[in-house]
Every structure is written in C-alpha cells, then in structure tokens.
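Me: I should like to go through the terms used to describe a protein structure. Please show me the model to which they will be applied.

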Amino acid sequence: MDLASATWTDVRDSDPELAVVPVGSTEQHGPHAPLGTDVLTAEAVADAGLERVDHEVIRTPAIPVGIAEEHRQFPGTMWVSPDTFRSYVRESVQSLAHHGIERVVLVNGHGGNVDALREIGARLTRDGDAYTVPFTWFEAVGDHSADMGHGGPLETALLRRVAPELVREERIETARAGAADGWGEWTSHANLAYDSAEFSENGVVGDPAAGEKERGEELLELAADSLARLLDAVAERDVSRPDGR
C-alpha cells in the first residue's frame with residue numbers, strides 16, 4: 001500500500017505486517033545527474049523489492065533531505081545536522097508504530113546516512129518502539145558495490161534504468177573530465193578531506209560512462225532481490241529482546 005495515495009480508512013482496514021521508508025538526500029551528483037538521485041534510486045529499489053514479496057507492506061513517502069554537508073560547496077545541495085536527521089527519522093518511525101506498524105525497513109540511497117540510520121534502528125529497537133532495520137541498496141549488489149562512487153557508474157546506471165530522462169547525456173564527458181578516481185584523500189588509512197569539493201572538481205567520483213542502462217537493470221534486480229529477502233526476514237523474525245544478564 002502506498003501511504004501517500006491511501007486514505008486513513010484504507011490504512012485502518014488493512015493489516016500491514018511492516019513498513020518500508022525510503023530515505024535519500026537532495027545533493028549534487030555532478031553536472032549530469034539530478035540532485036534527487038538518492039531519493040529516486042531509493043524509491044525505485046523499494047518499489048521493486050515490494051513487488052517481490054507477498055507480505056502486506058506500507059510504503060511511506062521518502063525522506064528527501066539527509067546528512068550531506070560534505071557537498072555544501074555545490075549549489076542546490078540541502079542538508080540537516082546528524083541530530084536533526086536522527087530525530088526526524090526516529091519520530092517518523094514512531095508515528096508508524098503509534099498505529100501498530102512495529103516492523104520497519106529503512107531503504108537508503110545515500111552513503112552519508114548510513115551510520116546514523118544504524119544508530120536510529122538500534123535505538124528504536126532497544127526502546128521497544130519498532131523493530132527497525134536499515135538497508136542501503138548499493139551495499140547489496142554483489143561485486144558491483146566496489147565501484148560505488150558519487151554520480152559515478154552505479155548511480156548513473158540505475159538512473160538510466162529508472163529515470164533516463166533526468167540524465168544529461170550531453171554532459172557525461174564533462175562529468176568524466178572533472179571526476180575523482182576515489183572518495184577522499186588518504187594518508188596512513190586516514191581521510192584528510194571532509195568535503196567532496198576538496199578532491200573532485202565537479203562532485204563526481206568514478207566514471208559515469210561505465211554506468212550503462214543494462215548495468216542499471218542488473219543493479220535493480222540485485223538490490224530488489226536483496227531487499228525482498230530482508231523484508232521476508234524482518235516480517236518473520238522473532239523480535240522479542242534477550243533478557244538482561
């Protein structure tokens with residue numbers, strides 16, 4: 001059930017087993033990809049995963065602004081503080097739990113959200129609000145995960161599959177020319193850079209030309225299959241907490 005298009009009586013009369021909350025970011029993805037890339041990809045993976053399960057699941061609207069100050073030098077980027085983000089996501093899930101939806105999967109499309117979402121899931125679960133598990137799509141695509149950059153091959157490929165009209169194909173070569181090979185500036189296993197503008201001329205990391213539509217199809221299949229397995233596991237898991245020792 002899509003929560004945004006449902007009525008409150010539709011929700012009242014349903015018996016959802018869990019909810020899926022897409023979480024993204026509104027931030028630069030180079031000159032060729034839209035600021036909403038992380039929202040679009042999270043929503044696409046969430047919807048494809050839901051098509052593969054038999055459980056009654058509510059799909060909420062996406063949370064579109066995340067922890068993204070590392071892209072602040074690029075116009076259009078939006079961000080909130082980690083504390084604000086954690087509070088917003090946590091309270092959003094608590095509102096679902098208020099209506100009896102006590103199993104939640106957070107489908108994430110932005111690397112900057114990963115650590116905070118794990119913390120949120122732990123807090124909600126330990127406090128007894130809702131059993132909450134984060135899922136980041138580009139960590140669940142097998143060997144492709146090693147190529148994850150920023151506005152690079154994986155995100156460009158998935159966009160070419162789910163929203164091709166938003167990829168500025170005429171800017172791909174410009175995106176390649178100003179891209180960094182990797183994320184950050186590393187010395188002694190420490191990243192010296194905090195903002196993407198320190199090491200990427202145009203915000204891109206990786207080669208977007210390597211993000212063919214066919215690769216995007218494979219990415220969507222892998223991520224959706226992975227999400228479906230997770231939804232099954234969350235729906236069927238004994239979520240009672242261990243006794244104290």
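Reply: The exchange below takes the terms one at a time.

Me: What kind of model is this, and how are its residues numbered?

Reply: This is a predicted model, in which local features need pLDDT of at least 70 and side-chain atom pairs count only at pLDDT 80 or more, while totals for chains, interfaces and linings use all residues. Residues are numbered from 1 along each chain as its sequence is written, and side-chain values use heavy atoms, with hydrogens and water left out.

Me: How are two packed helices described?

Reply: One gives the angle between their axes and the distance between the axes. The axes are lines fitted to C-alpha atoms, for helices over the stretch in contact, and angles run from 0 to 180 degrees between N-to-C directions. The helices themselves (H or I, at least four residues) and the strands (E, at least two) are DSSP runs, numbered from the N terminus.

Me: What makes helix 3 oblique to helix 4?

Reply: The axes of helix 3 (residues 82-98) and helix 4 (residues 114-126) come within 10 Å and cross at roughly 40°. Angles under 35 degrees count as roughly parallel, over 145 as roughly antiparallel, 65 to 115 as roughly perpendicular and the rest as oblique. The crossing angle therefore makes helix 3 oblique to helix 4.

Me: Which residues make this contact between helix 3 and helix 4?

Reply: Contact means heavy atoms within 4.5 Å. On helix 3 the residues are F85, R86, V89, R90, V93 and Q94, and on helix 4 they are A116, L117, E119, I120, R123 and L124. Sorted by class, seven are nonpolar, one is polar and four are charged. Here Ala, Val, Leu, Ile, Met, Phe, Trp, Tyr, Cys and Pro count as nonpolar, Asp, Glu, Lys and Arg as charged, and the others, Gly among them, as polar.

Me: Why are helix 5 and helix 7 called roughly perpendicular?

Reply: Their axes come within 7 Å and cross at roughly 90°. Helix 5 and helix 7 are therefore roughly perpendicular to each other. In this contact P153, L154, A157, L158, R160, R161 and V162 of helix 5 meet K213, R215, G216, E217, L219 and L220 of helix 7. The classes are seven nonpolar, one polar and five charged residues.

Me: How do you know that helix 5 is mostly covered?

Reply: A residue is buried at under 20% relative accessible area, exposed at over 50% and partly exposed in between (1.4 Å probe, protein chains only). Eight of the ten residues of helix 5 are buried, namely P153, L154, E155, T156, A157, L158, L159 and R160. The cover over these buried residues includes helix 2, helix 6 and helix 7.

Me: At what angle does helix 2 pack against helix 5?

Reply: Helix 2 (residues 37-50) and helix 5 (residues 153-162) pack at an angle of about 65°, with their axes 10 Å apart. The residues that meet are T37, D38, L40, T41, A44 and V45 in helix 2 and E155, L158, L159 and V162 in helix 5. By class, six are nonpolar, two polar and two charged.

Me: What makes W137 and F138 an edge-to-face pair?

Reply: Rings of Phe, Tyr and Trp (its six-membered ring) pair if their centres lie within 6.5 Å; planes under 30 degrees apart count as stacked, over 60 as edge-to-face and the rest as tilted. A search of the whole structure finds two aromatic pairs. In one of them, the rings of W137 and F138 have centres 5.6 Å apart and planes at 85°, so this pair is edge-to-face. W137 has 0% relative accessibility and therefore counts as buried, and F138, at 9%, is buried.

Me: Why is the pair of W183 and F199 called edge-to-face?

Reply: The ring centres of W183 and F199 are 5.1 Å apart and the planes stand at 70°, so the pair is edge-to-face. W183 lies in the loop between helix 6 (172-177) and strand 5 (186-187), and F199 in the loop between strand 6 (190-191) and helix 7 (213-236), so the pair ties together parts that are 16 residues apart in sequence. With a relative accessible area of 34%, W183 is partly exposed, whereas F199, at 16%, is buried.

Me: Why does S188 count as exposed?

Reply: S188 has 67% relative accessibility, so S188 counts as exposed. S188 lies in the loop between strand 5 and strand 6, and has a positive phi of about 55° although it is not a glycine. H189 is placed in the loop between strand 5 and strand 6 and is exposed, with a relative accessible area of 80%.
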